[in-house]
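Me: I'm new to reading protein models, and I keep tripping over the labels. Could you walk me through this one and say where each label comes from?

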Amino acid sequence: QAATTVTYCWTGQTSSMVTAYLKVLGYDTKSLLFGANGLIYENLESHKYSAAEIKGYELETSIAPYEGFDQLKDYLIANDMDISDVVNGWITTADVVYDNMEDGDDANDFYIIDIRSAEDFAAGHIEGAVNSTYGGILDAAAAANGQPIIVTCFSGQTASHAVVALRFSGYADAKVMMWGMSSWNETTSGAWMSNTGDAAIGNTNWTYPALVTPSIEYGDPSFETTAADAAGILAERVNVLLSGFNAISNTDVLATPGDYFINNYWAQEDVEHYGHIAGAFRVLPLTLEGGEYVYLNNTAPVVTYCWTGQTSSMITAYLKVLGYDSKSLLYGANGMIYSNLESHKFGEGAIMGYPLVSE
């Protein structure tokens, strides 16, 4: 027990087992690598490794995870999918959809995907619409056959996430319907009718006059990927986006705004007119090519808010694909300072009263 104990066998495997056991007992122990196969291979009549031992079974392969942001960023810019491209011309209105349905020309019809629950869809939907889950939007879109796609939900906020996924996946003209099904018919207007409010009026964490926090540079977001190329990285990240809707209530944000990096997605004059959430930044414009994205905190939850929660949902979805921990503030200013708003307000005038069909 005072010397180094070396064990050998035919192959080095049995000796490895014995060596390991002796190590546990306290011996200074070593296994002789490859055993007799490495010492007297030509003389061995058995216990020999050879080509006959190679079975040719299949292997599962994978690419080691690596940081994919730079590759994705360059790909998005080169293929006209910068933030300013994807969040451009992305919204339409209920009257445009209805007029399209009623113009007598089937050739220009929209392909309408309704991502409300199957029960809500069955209770009343736009004639000709198909039902899908949010996570299944790409499968539903595959049946569009070249028709321009309109996505709708109750409020238009989850649908905005879905439109980003579609625009990243080859459906560059996909759009969301303003106010969602709340604008189509009074029967389906509950999401918006129930969620306008004044949560920020009188709240100590709503500041006026608004002094927006100066921007500082944080750097790039990051994520791991096993995809082999940039197109594969994008597809992988879209699947991450479609794993769930990324949103947060105004109650949570107004209670502890310091827990988040808050981006007010308004024009400067609107911030000055209405005020804003305490400590909010204003990163606008926001693009990859221009580099403004580095002013978003890559280590904190990034909460974006706008007037209605629809633009912020688009931005949030895009940022999720880039690797940010991003959240859209539900219902935007309509849920926080509704009584003070002079425009961008949901109201009875936004409900068009168009027909629903049921199953």
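Reply: Sure! Let's start with Pro-285, which sits in the loop between β13 (276-277) and β14 (302-305). Those names come from DSSP runs, numbered from the N terminus: helices are H or I with at least four residues, strands are E with at least two. Before we go on: this is a predicted model, where local features need pLDDT of at least 70, side-chain atom pairs count only at pLDDT 80 or more, and totals for chains, interfaces and linings use all residues. Residues are numbered from 1 along each chain as its sequence is written, and side-chain values use heavy atoms, with hydrogens and water left out.

Me: What kind of peptide bond joins Leu-284 and Pro-285?

Reply: A cis one, with omega at about 10°.

Me: Why are α3 and α10 called what they are, oblique or roughly perpendicular?

Reply: Helix α10 covers residues 230-241, and α3 packs against α10 at about 100°, their axes 9 Å apart. Axes are lines fitted to C-alpha atoms, for helices over the stretch in contact, and angles run from 0 to 180 degrees between N-to-C directions. Under 35 degrees counts as roughly parallel, over 145 as roughly antiparallel, 65 to 115 as roughly perpendicular, and the rest as oblique. So α3 and α10 are roughly perpendicular to each other.

Me: And what makes α3 and α13 oblique?

Reply: The axes of α3 (residues 69-78) and α13 (residues 310-322) come within 10 Å and cross at roughly 130°. That angle therefore makes the two helices oblique to each other. On the α3 side, the contact (heavy atoms within 4.5 Å) is made by Phe-69, Leu-72 and Leu-76, and on the α13 side by Tyr-318, Val-321 and Leu-322.

Me: What makes Tyr-8, Leu-39 and Ile-40 a patch?

Reply: Patches take residues with over 30% relative accessible area (Shrake-Rupley method, 1.4 Å probe, only the protein chains shown counting as cover for residues) and no salt bridge (a Lys or Arg side-chain nitrogen within 4 Å of an Asp or Glu carboxyl oxygen); like charges are joined within 9 Å, nonpolar side chains (Val, Leu, Ile, Met, Phe, Trp, Tyr) within 5 Å. These three make a nonpolar surface patch of about 330 Å². Leu-39 belongs to helix α2 (residues 35-39). Leaving aside neighbours within four places in sequence, Leu-39 is in contact with Tyr-8 and Leu-32.

Me: What is the phi of Phe-34?

Reply: Positive, about 65°, although Phe-34 is not a glycine. Phe-34 lies in the loop between β2 (29-31) and α2.
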